[in-house]
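User: I would like to go through this structure and hear the reason behind each label. Please set each value against its definition.

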Amino acid sequence: MSHVFCTLHDQALKLSRQYLACEKALLEILVQIEAKKIYLQQGYASLTEYSQKALGLSRDVSWNLVTIVHKTKAVPELKHAVQMGVLPLSKARQIAPHLTKENSQKFIALAQAMPREKLQEALAKECPKIPSVEERARVINATQTELSLCLPKDVMEKLRRAQDRVSESQKKWVGLAETLEQVIEFYLQHKDPKEKAKRHEVRKNKAALKAIQPRRTVRESDAAARNSEFNLMPINKPIAKIQAKGRVPIPAGIKHEVTIKNAHQCTYRDSRTQLRCMKERFLHIHHKLPVAMGGTNALENLTLLCSAHHRLEHYRGGG
Ligand SMILES: [Zn+2]
Ligand SMILES: [Zn+2]
């Protein structure tokens with residue numbers, strides 16, 4: 001029986017050594033792929049996308065590797081420590097965001113000496129801006145996520161004040177989670193382009209309705225006319241001007257229309273899966289036919305792309 005255990009243990013040891021060696025070799029290759037931007041040739045917008053979709057790595061493993069690859073440019077010592085086997089990948093990932101040329105020796109030594117939890121505390125002591133708790137979102141079940149984060153004192157005080165206001169308006173005690181929900185809802189109502197676009201549509205429809213309704217009073221019909229003119233103006237008038245001139249800034253009205261038309265989401269589709277990119281952040285307006293080739297700021301020639309897919313489109317020569 002003990003012979004079987006020993007054999008299994010030996011096999012596990014052998015395989016884990018191979019596994020760690022593979023991890024290091026993969027890191028080295030990814031550094032080269034990033035340097036030569038080989039993922040673009042393969043049709044992927046970033047190293048992260050490439051490592052997940054082309055290599056099939058999990059989100060966590062890919063994040064660990066890519067974070068280290070990106071930091072390696074500025075701090076090559078990080079990669080060397082992983083290659084020498086003195087620093088596991090997970091700890092290298094933990095210190096990577098905070099590493100600079102100046103502190104690299106000290107932080108790598110700390111990471112070698114301490115377990116992960118202690119390391120986070122030590123990092124926070126060394127750099128007061130680093131929170132002592134790592135930001136983390138852990139899915140608990142189908143409807144709930146546990147969120148750990150560190151708030152500065154004044155932000156916490158503001159959150160408590162918001163909690164008081166929400167509790168007052170609901171005439172009952174309201175917890176922090178519900179307060180956050182209300183605060184986020186309020187913010188999105190005012191700042192989220194998708195919500196703005198919805199309100200814009202409602203206003204436009206109302207204005208169109210008013211314009212076709214029979215005249216009731218002089219004041220009402222004036223207001224309707226003003227509204228419908230306002231809504232049409234940014235769409236139609238500037239296009240005529242722009243088409244004649246070539247490269248001119250895209251007017252705010254057109255930008256707004258591009259956003260609404262594409263639901264404020266990157267329009268890139270993966271050629272392999274046909275799935276649309278989910279990014280709703282850092283979106284750029286892209287000319288389908290480049291301005292240099294006669295492309296205009298007309299709505300039909302504009303689309304929305306996230307920064308990574310915008311770079312990919314230009315790499316492929318699309319504008
Ligand atoms: Zn572009
Ligand atoms: Zn995208």
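User: What makes H286, H310 and H314 the protein donors of the zinc ion (ligand 1)?

Analyst: Donors are N, O and S atoms within 2.8 Å of the metal (3.2 Å for Na, K and Ca). H286 (ND1), H310 (NE2) and H314 (NE2) lie 2.0 to 2.2 Å from the zinc ion (ligand 1), so these nitrogens meet the limit. Water is not among the atoms, so sites may look incomplete. In sequence the spacing of the donor residues is H-x23-H-x3-H. H286 sits in strand β3 (residues 283-287) and H310 in helix α14 (residues 307-315), 24 residues apart, and the pair links distant parts of the chain. Helices (H or I, at least four residues) and strands (E, at least two) are DSSP runs, numbered from the N terminus.

User: What kind of model is this, and how is it numbered?

Analyst: This is a predicted model, in which local features need pLDDT of at least 70 and side-chain atom pairs count only at pLDDT 80 or more, while totals for chains, interfaces and linings use all residues. Residues are numbered from 1 along each chain as its sequence is written, chains are lettered from A and ligands numbered from 1 in the order in which they are written, and side-chain values use heavy atoms, with hydrogens and water left out.

User: Why is C306 called buried or exposed, and what about C6?

Analyst: Buried means under 20% relative accessible area, exposed over 50%, and partly exposed in between (1.4 Å probe, protein chains only). C306 has 3% relative accessibility, so C306 counts as buried. C6 has 47%, and therefore counts as partly exposed. Of the zinc donors, H286 and H310 are buried.

User: How many disulfides does the structure hold?

Analyst: The structure holds 0 disulfides, a disulfide being a pair of cysteine sulfur atoms within 2.5 Å.

User: Which residues line the largest pocket, and which elements do they come from?

Analyst: The lining of the largest pocket has 28 residues, with S46, T48, E49, K279 and A308 nearest its centre. Elements giving two or more residues to this lining are α3 (47-54), α4 (59-74) and α14. The largest share, 5 residues, comes from α3.

User: Which residues of α3 are buried, and what follows just after α3?

Analyst: The buried residues of α3 are L47, T48, E49, Y50 and S51. Just after α3, G56 has a positive phi of about 75°.

Technical notes: On a 1 Å grid over the protein atoms alone, a cavity is a set of points where a 1.4 Å probe fits but cannot get out, and a pocket is an open set with protein on both sides within 12 Å along at least five of seven lines; lining residues have an atom within 4 Å of a point.
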